[in-house]
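User: Could you walk me through the internal spaces of this protein before I go back to the bench?

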Amino acid sequence: MRFQKWFIGILLVSLVFSFSVYGKGPGHGPDHGKTKFCNKDKDAVVKDITKIIKQLQGNDFSISEKIFAENILWKYEGVAGTVPFAGTYQGQTGVKTFWKIYLRSVLPTKADLRYALRQGNILHLHWTEEGVVKSTGKRYAMETVQRWEFNDEGEIVKLRWYNDTYALYNAFLIHTNPRLSLALHPADYYINGNGPVDAAFAVQVVQRYYYQFSQGDIQGMLSNVPNNVVFILAGPEGLTKIAGTWTTPQGLIGFFTTLAANEWYNKFQLLTFTVDGNRVDVEFEEEIGIFETGKVTSCAGLHSFVVLTNGQVAKFRSYNDTYPVAWTYIP
């Protein structure tokens, strides 16, 4: 019965999933190259944005605010109320408010840029971040993704900051185990593909992956991964039963078996594709339930893929909203 319910839920994926090669909106088509950012190469754009981040972390808005759109939408994923700066902020004043709360709450100690994806007016920065929460003295470490979006005038119109929400939540709690706020998963750090891959081809490979998943075609999925595949789903491994690092096709059988035994999907919707060579990032929303507890939760996240020239998926990482998923496992 559990397997049947799981597959019924999975089939809903195909009902809400659009097979367009690129998502809709600014920066998702192949021809959005009009902004001053897009007239620069990727390295130059990344340099510009990291400079802006450093200014903001220094509480210096003198230059950076000039390129924020008046109605900029700035969103930091997290547990509102416990993580003081988690939430959505709008407008230039809202961005300033975010940074004031952020710098009042945490002391960032390290930020290493792992890699960047750029497609038109969209820039994704994948980081490992570390810091200390001032109120508890706890250290946190996690992998994050910043999704920056620009308009055709070169202004920043959106920022969405994906992070390990469960790890950061625990860093703000006094009495929890300090190790719960340390959540790095380095197994895929050096998986970069094996050569250039056409962007449309990369998306088709990822679409096939989702379609096979929606149909419960696990054997089809396993036939499209190499022996050294790395599959990472963030979250507290002692609590969220499907969280962890899974390797080899045989290891993925363990993941999908565990998934089918513990969770069902009411909804799984893909929102955007961002493509840069053999890397594909996919934003998604989902509503899942847990058999053991009966709890249901909705959350959003980002999937990161590396596609090989032979059409195999070498890496999958889920930057899922780890706090609500963990919550569903608690009786």
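Analyst: What follows covers the cavities and then one buried acidic residue. This is a predicted model, in which local features need pLDDT of at least 70 and side-chain atom pairs count only at pLDDT 80 or more, while totals for chains, interfaces and linings use all residues. Residues are numbered from 1 along each chain as its sequence is written, and side-chain values use heavy atoms, with hydrogens and water left out.

User: OK, how many cavities of 30 Å³ or more are there?

Analyst: There are three, a cavity being a set of points, on a 1 Å grid over the protein atoms alone, where a 1.4 Å probe fits but cannot get out. The largest has about 220 Å³ of space, where volume is the space filled by probe spheres set on points joined across faces, edges and corners.

User: Which residues sit closest to its centre?

Analyst: Of the 20 lining residues, those are Leu-233, Tyr-265, Glu-286, His-303 and Phe-316; a lining residue has an atom within 4 Å of a point.

User: And what about the second largest, what is its volume?

Analyst: It comes to about 60 Å³, and its lining includes Glu-143, His-185 and Arg-317.

User: Switching topic, is Glu-263 buried or exposed?

Analyst: Glu-263 is buried (under 20% relative accessible area, 1.4 Å probe, protein chains only). Glu-263 has no salt bridge, meaning a side-chain nitrogen of Lys or Arg within 4 Å of a carboxyl oxygen of Asp or Glu.

User: What does its side chain contact, then?

Analyst: The Glu-263 side chain makes a polar contact with that of Tyr-329 at 2.8 Å, the term covering a pair of N or O atoms within 3.5 Å, one able to donate a hydrogen and the other to accept it.

Methods: On a 1 Å grid over the protein atoms alone, a cavity is a set of points where a 1.4 Å probe fits but cannot get out, and a pocket is an open set with protein on both sides within 12 Å along at least five of seven lines; lining residues have an atom within 4 Å of a point. Buried means under 20% relative accessible area, exposed over 50%, partly exposed in between (1.4 Å probe, protein chains only). Lys and Arg count as positive and Asp and Glu as negative; His and the chain ends are not counted.
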